[in-house]
Structures are given as structure tokens and as C-alpha cells.
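Please open the structure in your viewer and prepare to make a series of selections. Each stop of this tour states what to select and then what is to be found there.

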Amino acid sequence: MRKYVTLKIDGAGIRAPKGSSVLDVAIEYGICIPHLCHVPNLSDIGACRLCIVENIVNGRSKITTSCTLGVEEGMVILSNTERIKKLRRNIAELLVAQAPNSRAIQDVAVRCGVKEVRYPFRNNDCVLCGRCVRVCEEMWQARAIGFVGRGKDRRVDFPFGVRPDFCKKCGSCIYLCPMTITPCDGPMKPGKEYLCGKCESQLSMASGAMEDTCVWCELGKGFSVHDMVINERLLLFMMISMPISPSSTLPKHFFPLTAYPVSYSGSAAHDQGENCFLRPIVPVF
Amino acid sequence: MPKVKPRVKSVKDLTELRKRLRSSVKNFKSKLTICGGTGCHASRSQDVIDAFKKELKKRKLEEGVWVRATGCHGFCEQGPLMILEPGNIFYCGLKPGDAGEIIAETILKGEVIERLLYTDPVTSKKVRTEAEIPFYRAQDRQLLAQNRHVDPCSIEDYIAIGGYSALAKTLTEFSPEKVIEEVKISGLRGRGGGGFPTARKWAECRSAPGEEKYVICNADEGDPGAYMDRSILEGNPHLVIEGMMIGAWAIGARQGYIYVRNEYPLAVKHARIAMQQAREYGLLGDDILGGGFSFDMEICRGGGAFVCGESTALMASLEGKVGEPRPKDVHTVANGLWHKPTTLNNVETWANVPPIISNGAAWFAGKGTRGSKGTKIFALTGRVKNTGLVEVAMGTPLRTIVFDIGGGAINGRAVKAVQTGGPSGGCLPLDRLDLPVDFDALYDAGSMVGSGGIVVMDEKTCMVDVAKYFLAFLQDESCGKCVPCRLGIDRMLEIVTDITEGRGRPEQIDLLKELADTVASASLCGLGKTAPNPVLSTLRYFPEEYEAHVNEKRCPAGVCRELIEYEIDAEKCNGCGTCRRACPYDAIKGKKKEAHVIASHKCQKCGICLSECKFDSIIVT
Ligand SMILES: Cc1cc2nc3c(=O)[nH]c(=O)nc-3n(C[C@H](O)[C@H](O)[C@H](O)COP(=O)(O)O)c2cc1C
Ligand code: SF4
Ligand code: SF4
Ligand code: SF4
Ligand code: SF4
Ligand code: FES
Ligand code: FES
């Protein structure tokens with residue numbers, strides 16, 4: 001028998017199965033809390049910190065990530081307070097300054113209300129969200145990639161830098177990587193790093209008509225579904241992931257929230273990094 | 001000392017053993033206590049000990065003189081040091097060659113050797129005993145003072161001074177709940193940084209569901225300059241073990257771990273020997289002291305990163321995984337090591353437990369302030385006359401520590417700021433030094449007690465540079481898992497570097513504040529949550545220094561290389577030519593007996609001329 005608890009998220013009374021996370025439950029009920037490192041059915045590590053919420057305990061507010069927070073009876077969660085919005089915006093700003101060349105990151109930044117970036121741009125290939133590492137380990141039991149190094153030197157790599165035989169060449173890592181989503185053809189070139197705002201998915205949006213809409217979902221209609229490479233591999237991934245969903249029903253936005261639309265040719269991370277670890281992987285389906 | 005170790009099967013056995021050990025000590029005429037701690041070891045105390053042993057053997061005095069090598073006494077800077085009984089004579093700065101003279105003069109004739117006594121730097125008078133030394137006088141050494149009475153490799157020493165009597169008392173008189181109640185009344189709070197009430201942690205762990213529970217001692221001590229945990233574990237390991245046993249009894253654990261920083265080989269060795277000895281006596285193992293309590297422990301060497309001291313990272317490391325923090329939405333007292341309820345405490349926290357049980361909670365609660373009880377050990381370093389380990393009652397003003405114990409700044413300079421709480425603590429200005437060392441008072445002032453580092457800074461310290469130093473340390477030590485800490489500290493460092501190198505813009509100061517708030521509020525673990533403290537506290541107390549760097553492109557303390565120029569004061573320069581010869585970059589020109597000049601395009605700002613000139617003619621602008 002499944003046990004249920006009731007909690008309040010942004011004022012809405014919600015009944016949720018015990019054992020699920022606040023983030024999963026919120027998404028299921030259509031309360032979109034921005035998130036990046038969370039992937040349904042994979043473990044949550046609380047790395048991107050975009051999904052932060054205020055958890056009110058005994059009248060005191062504690063800021064914590066909703067993906068790692070289990071639901072409890074009587075919980076009061078606020079996901080969209082001024083304080084949270086500000087913190088989230090600052091985190092997204094840090095991310096987009098680090099990886100301005102990813103459309104996924106740009107979109108997250110828009111969603112979090114980033115209008116200007118106050119740091120010099122860096123063109124990194126990876127935001128260390130760990131989606132790839134976890135899908136490899138948890139979905140495929142392959143552990144063909146992992147984090148190496150600490151702090152500034154942290155990166156994702158194969159063991160000893162060489163793709164091991166036990167890599168199943170499944171491509172899931174690329175699939176879930178936010179960096180492999182083709183950015184707009186616009187100004188995001190090395191050396192000319194600025195967000196022009198011309199493209200609909202870019203920063204100007206937040207100040208316009210689309211404010212407070214979930215970019216991920218709305219844009220899912222607008223630009224990405226067409227590009228989506230629907231193939232057996234993706235279907236396989238979905239089939240495997242669906243039956244073990246922790247929540248009773250899958251979020252209706254399941255697809256756009258888990259897998260980004262990907263086209264392999266011309267993806268940012270592939271074209272730029274000579275040493276991009278994703279390069280040698282040729283999907284075999 | 002007994003050759004075959006009798007197993008101590010009951011409290012009565014332990015009391016009898018103690019009586020026997022005490023009477024065997026009385027046979028010695030003189031006692032030499034020589035510090036063999038890591039600090040003194042570095043200044044060759046082992047050679048001094050060997051020299052004494054050799055010399056005593058030569059003179060056939062081994063029977064009457066007891067030589068004991070102990071752990072750190074706290075005044076390492078003066079090491080190697082020794083205390084000679086009778087008379088409690090304190091000698092410091094010993095050399096192996098002094099052994100003969102000390103035996104001939106002091107031990108045999110009772111004459112004090114003036115040369116080896118400590119000189120009070122204020123009065124320039126020679127001081128005979130430890131108690132008269134200003135460094136020790138203002139301290140309240142409850143834990144550290146025990147070090148001089150025990151050889152860390154001898155459980156017998158520890159038992160003789162009353163060791164394991166707190167455990168005996170616990171097992172015979174106290175229920176686990178009573179132990180927790182006693183610790184609660186004592187008001188003991190964690191010494192590892194957070195100041196979390198120890199009794200509350202224990203109670204939560206005790207009530208957490210699960211058969212198997214663990215206690216862990218955190219001896220990872222990664223703060224630069226801190227070594228109080230090392231000194232206790234190295235100098236008095238049984239005290240920590242006894243504390244952990246009492247804690248284990250209270251929460252219902254049968255297994256404990258000591259997680260020791262990899263760089264502490266001597267601490268590992270001593271703790272290992274101590275555990276072995278305790279096992280031989282039956283003080284670790286099954287049915288300890290016949291009280292039906294079984295407990296054993298292991299040592300684990302650290303993963304070599306600062307962040308491994310964080311509770312969840314430490315537990316991951318103990319499990320053999322990468323030492324990285326994980327979200328603590330379920331606390332480790334319920335879901336810790338191997339997902340079992342786990343109590344993690346700092347070395348000093350555990351060491352405080354046996355005295356609380358022996359002397360009573362009221363004794364402990366009698367020291368300190370309303371919210372912070374007992375004594376705390378601090379590592380006093382920086383630009384201060386006396387450096388070392390300082391144990392004071394909580395509530396002692398910082399001023400007492402810096403001036404009375406530390407003797408004020410070196411070179412007659414003025415003290416400008418004091419940094420407390422390790423790399424993620426804060427800097428407090430001179431006018432805040434009346435603040436007591438108290439968890440809450442320091443937290444409110446934007447700093448913290450932390451693990452107990454106190455760094456004294458003088459007027460030649462640039463506070464922006466200090467913030468930069470700590471940010472660089474923390475950036476290096478961040479595990480890199482979460483965004484605010486990994487990228488946030490990096491960007492803060494980028495901004496502060498801009499400021500120190502003359503590229504700072506006024507709006508960057510606001511950005512720095514906003515960023516600091518984000519990193520502090522949204523990071524995953526304690527490292528990120530506290531990382532902005534050095535920046536926030538210097539911004540709060542020394543805003544004018546930031547403004548000078550940003551607006552006037554000037555470093556008031558004359559530290560930030562990009563913002564200073566070296567010049568020669570033509571009035572004062574008498575043309576001796578010392579600076580010209582000393583400058584490695586050939587930047588100084590001038591004829592003999594005429595004022596010299598520095599060619600600013602050649603000058604690399606190394607500062608050598610400044611220290612070489614005898615006439616104070618080099619000025620930094
Ligand atoms: C980055 C980081 C490093 C830490 N390092 C240490 C350490 O070296 N020693 C220690 O005792 N506690 C350290 N702590 C604190 C521990 O997480 C933990 O709070 C403490 O060991 C609990 O013991 P206490 O309650 O006795 O203080 C550290 C915390 C953080 C966030
Ligand atoms: S392609 Fe290889 S590395 Fe990537 S998820 Fe599959 S098994 Fe892991
Ligand atoms: S490679 Fe992609 S999925 Fe993997 S950690 Fe980096 S950004 Fe995330
Ligand atoms: S706050 Fe820093 S050290 Fe802690 S988990 Fe995040 S990146 Fe790692
Ligand atoms: S600061 Fe160094 S390089 Fe400059 S003049 Fe003095 S000695 Fe020469
Ligand atoms: S989604 Fe929760 S921290 Fe990334
Ligand atoms: S090591 Fe000898 S006094 Fe510290």
C-alpha cells in the first residue's frame with residue numbers, strides 16, 4: 001500500500017506519495033520549478049541548485065533544493081518567492097556566463113529571469129550537471145564516464161581518459177547533455193560572446209510577453225519538437241524509464257523536461273571542443 | 001611498569017590497577033617531561049630525549065630519573081621544551097648538548113640554568129616556571145594541561161591520572177539517557193565548526209530507528225594553521241577514545257571510527273597504539289568493565305582534501321567513495337555512515353566528554369557564557385609575538401587572547417584585525433576585539449568560532465588581499481559539485497583579483513555582495529555556505545580599503561603589487577648604495593653619497609630594497 005502525505009506548494013494543497021521528491025510532485029501538479037541536473041528516474045545530487053525552494057519549518061524558512069527534498073506530511077513549500085527568484089537568477093547567470101553556447105542553458109537562464117550577464121563569458125563545454133554520469137551508471141550500469149578532479153579542475157571523463165570497452169555506445173550521455181543542443185546560429189561565436197536577444201529563446205524574452213511562462217514547455221512547442229530525433233534509442237530510453245517512475249503518473253511534460261531535442265550534427269559541444277569526450281562516441285542504433 | 005597486562009574486568013580491577021601504577025611512580029626522585037609533539041619534534045626534540053637517556057645511562061641515574069616524552073604543550077614556537085620536577089622548572093629552546101649540563105647542574109645540584117629559561121618579551125626577565133609565563137598565565141588549560149602528564153604511548157600514564165574513570169562511572173552509574181542529560185546540562189557544543197549542541201545530536205541519533213549505529217571522531221582538521229585536534233589526538237589519544245566510548249554508550253553504538261587527516265602520521269600512530277593497548281587491557285572489545293557494553297573502533301586515514309572534513313563527505317570517504325558532500329535533507333544522525341544512524345563529533349568535542357562526566361555537568365557549565373560553555377582551544381598565529389595553542393574559557397575577550405596571551409603584534413606594529421574561524425571565518429577590526437569568544441557573539445559579528453583558528457593581522461596587511469587569499473584557498477578546496485560554490489567562489493575571486501590589480505569598478509562591489517549572498521544561501525554544503533565570510537566581513541568592517549582600491553587605485557597597506565610604487569626619499573637617502581647592490585633587477589641608480597632613484601619601469605616590486613635600507617628611505621606609495 002502506498003502511503004500518501006499532504007503538503008502545500010505555493011499555497012496549493014497537494015496529495016503526494018511518500019518517498020517522492022518535492023520537485024517531482026510539483027512538476028506533476030504543473031508547478032514548474034526550474035531545474036537542470038534533475039532527470040526523472042535517476043538519482044538526484046543537488047548540483048545545479050536551480051530547483052531551490054523555501055521550506056518553512058516552525059516558521060523559519062530554510063532554503064534547500066526541491067529535487068533532494070522528500071515530501072513530508074504538512075510541509076509548506078514556497079517555490080517562487082522574491083528571495084528564491086533572486087537567488088535562482090544569480091545561479092542561472094553564473095551558469096550562462098560559463099556556457100553561453102548552449103541553448104538549454106540560455107533557456108534556463110531566460111526562465112529564471114536573467115536579463116543581463118555581469119561576468120565575462122567563458123566558453124565551457126560542460127556545466128557539470130552530472131546527467132551523463134548518472135544515466136551511464138544508473139540506467140546502463142556502465143560507469144563508463146565519471147567525474148574526475150576537484151573544484152575548478154572537475155570534469156567528466158572516461159577512466160584514464162580513454163573510452164573503455166564497457167561503454168555501451170548507447171548515446172544516452174549525449175542525449176541528456178544540455179550542452180549538445182544546437183544554439184541559435186546567431187552571435188554565439190568564440191571571441192564574440194554576447195547574448196544578442198534576437199532569437200526568441202534568448203534573454204529579451206523575459207522582459208516581453210512571455211514572462212513567467214515556462215520556457216521549456218512553451219518553447220517545446222515553438223522550436224524544438226521538430227528537431228527532435230525520435231529514434232529507437234530514445235524510445236528505448238523512455239520505455240525503460242517509464243515503469244519505474246517514483247510518482248504515480250508521469251509528468252505530462254515528461255518528454256521536453258527529460259530529453260532535450262538533439263541533433264547530432266552541428267551541436268555546440270561537438271563542434272568546438274577538440275577534446276570533447278563525446279566526440280568518439282558513434283551511436284550504433 | 002607491569003610487563004604482562006592484566007585484563008581489567010571490572011571497575012574494581014581498574015581502581016586497583018590505578019593504585020598500583022601511582023605507587024610505582026613515587027620511586028622516582030626527579031621527573032623530566034620533554035615535549036615530543038609534532039612542533040617540538042620538528043625542532044629535534046627526539047634527539048634531546050635520546051641525549052638525556054644516553055647521559056643518564058652513562059651516569060647510572062636511570063633508576064632515579066624518569067624521562068617522559070609527551071604530546072604538545074602548546075608553546076611549540078619555544079620548543080623543544082621540558083619541565084623538570086621537582087621545582088616545575090621550565091626550560092625551552094633545548095639542544096641535545098644541553099642534556100649533560102641539565103643533569104649535572106639542575107638534577108644533581110638543584111641549580112637553575114638561567115640560559116635555558118624563558119625570557120618574558122615584555123619585561124625581559126627570566127621566568128622559572130610555566131605558571132609565571134604570560135602566555136600560559138591567562139589561559140584555562142583543562143584539556144591541554146593533561147598532555148604534560150601523559151606519555152601518549154602509555155595507557156598506564158593515562159590510567160594513573162584518572163583515565164577511564166569517567167567510563168567506569170558511566171557504565172556503573174549512568175543510563176544512556178542520563179549521559180545525554182548530563183551532556184545537555186553541561187551545555188557542550190560541537191568544537192568542529194558549527195557549534196551544534198552535542199546532546200541534541202546524541203539524543204536524535206539515539207532515537208533514530210536502527211540496530212546498528214556508529215560514532216565517528218572527526219580529526220580531519222584541514223584549516224591552514226590549525227593543529228589543536230592534532231595535539232590532542234597525538235598527545236592524549238585515550239582521552240578521545242574514552243569520550244567516544246561514553247558517546248557510543250549513550251547513543252547505542254558498538255563501533256567507532258577515527259577519521260584522521262592523512263598529513264598526521266604521528267596522530268595515527270599514537271591513536272593506533274592507544275587502541276591496541278586499550279584492547280589488551282580489555283577496555284575495548286566485548287563486555288567492557290563487566291558492564292555488558294561492547295565497543296571497538298578503527299582508524300581511517302583521510303582523503304586528503306579540506307572538504308573531506310564535512311560530515312557527509314567524510315562518511316562517503318569512510319565508505320571508500322569519493323569524499324564529496326551530498327545533500328543533507330535527511331540528517332546523518334538518522335542516515336549517516338552506510339545509511340545507519342551516525343554521530344560525528346570533533347576531536348575536541350569528544351575530549352570534553354570524560355571531564356564532564358567525571359567533574360559533573362555543573363563544573364563545565366560553570367565556565368563560559370550563557371550560550372557557550374567550557375573551554376576552547378585556539379591556534380594563535382599570524383603577526384603576533386607569542387604563537388601557539390591557547391586554551392581559554394569561552395567568553396574570554398579576543399583582546400585578552402591577542403594582547404595578554406599573544407603579547408600583541410610583532411615589531412611594535414599596531415594590530416589591525418583578527419581573523420577567527422579558519423578560512424571561512426571573518427575578519428574583525430581592532431574595535432571589535434572586546435567581543436568574547438562565544439559561538440553566537442562571533443556569528444552575529446560576521447565571523448565565527450569555527451574550529452578555532454585565530455590569525456592576527458597588523459597594519460601592513462591589506463584586507464582586500466586577505467579576502468583574496470581565503471577565496472583562492474576555498475576555490476582550490478571546493479569539491480566542484482554544486483554551481484554556487486564552484487562558479488560563485490570563482491567569480492568572487494575574479495572580481496577581488498580585478499580590484500587588487502587596479503581593474504576594479506564601483507558596481508563590482510555590489511555584485512560581490514549579491515554574489516556572496518547567493519553562494520552563502522544556495523550552496524550545497526558548509527564549505528560553500530560559509531565561503532563568502534571573508535569577503536563579507538572585510539566589506540563590512542573595511543569598506544574604505546575596497547573603495548581606495550577601486551576609486552583611487554591605491555592600496556593603503558602597500559601590499560597589492562599592481563597598485564604600489566617604490567620610491568626613494570631623497571631627503572633621507574644618504575647614498576650608501578645598499579639598495580642598489582641588493583636590487584636583483586638593477587632598477588636602482590645613483591652615485592655614492594648622493595640620493596638614489598628607482599627606475600619604475602624596471603622595478604619588479606619585490607620589496608628587497610625596503611628591507612635592506614638601514615635609513616628608512618624607501619617609501620611605498
Ligand atoms: C568544508 C568543511 C570542512 C570541515 N572540516 C572539519 C574538520 O576538519 N574537523 C572537524 O572536526 N569538523 C569539520 N567540519 C565540521 C563537520 O562537518 C562537523 O560539523 C563536525 O565534525 C561535527 O562535530 P562537532 O559537532 O563536534 O563540531 C567541516 C565542515 C565543513 C563544511
Ligand atoms: S554511451 Fe557509453 S558513456 Fe555514454 S551513457 Fe552509454 S555507456 Fe555510458
Ligand atoms: S557533459 Fe553534459 S551532461 Fe555531462 S556533466 Fe557536462 S553538461 Fe552535464
Ligand atoms: S558547496 Fe562547494 S564543497 Fe560543498 S558540495 Fe557544493 S561545490 Fe562541493
Ligand atoms: S622593489 Fe625590488 S625591484 Fe623594485 S627597486 Fe626595490 S629591490 Fe629593486
Ligand atoms: S535540479 Fe535540483 S539541484 Fe539541480
Ligand atoms: S609540539 Fe612541543 S609545545 Fe607544541
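The tour below visits a helix, a set of strands and a ligand site. Please keep in mind throughout that the model is predicted.

**First stop: a helix of chain A**

Select helix H3 of chain A, residues 103-111. Are its residues buried or exposed? Of the 9 residues, 9 are buried, so the helix is largely enclosed by the rest of the structure. Among the buried residues are Arg103(A), Asp107(A) and Arg111(A), together with Ile105(A), Val108(A) and Val110(A). Next, move to Gly113(A), just after H3(A), which takes a positive phi of about 85°.

**Second stop: paired strands of chain B**

Now select strand E1 (residues 30-35) and strand E3 (residues 82-85) of chain B, which run antiparallel and are joined by 4 bridges. Add strand E4 of chain B, residues 89-91, which pairs with E3(B) in the antiparallel sense over 3 bridges.

Centre the view on Met82(B) in E3(B), which stands opposite Ile34(B). Which residue of E4(B) is the bridge partner of Met82(B)? That partner is Tyr91(B). Then follow the hairpin of E3(B) and E4(B), where 3 residues lie between the strands. In this hairpin, Gly87(B) takes a positive phi near 105°.

**Third stop: ligand 4**

Finally, select ligand 4 and the 13 residues that surround it. The closest are Cys479(B), Lys481(B), Cys482(B), Cys485(B) and Cys525(B). How do the residues of this shell divide by character? The shell around ligand 4 comprises 8 nonpolar, 4 polar and 1 charged.

Notes: Residues numbered from 1 in each chain as written. Chains lettered and ligands numbered in written order. Predicted model: local features only at pLDDT ≥ 70, side-chain atom pairs only at ≥ 80, totals over all residues. Heavy atoms only, no water. Near = heavy atom within 4 Å. Nonpolar A, V, L, I, M, F, W, Y, C, P; charged D, E, K, R; others polar. Buried < 20%, exposed > 50% of the residue type's maximum accessible area, 1.4 Å probe, protein only. Helix = DSSP H or I, 4+ residues; strand = E, 2+ residues; numbered from the N terminus. Pairing = 2+ DSSP bridges.
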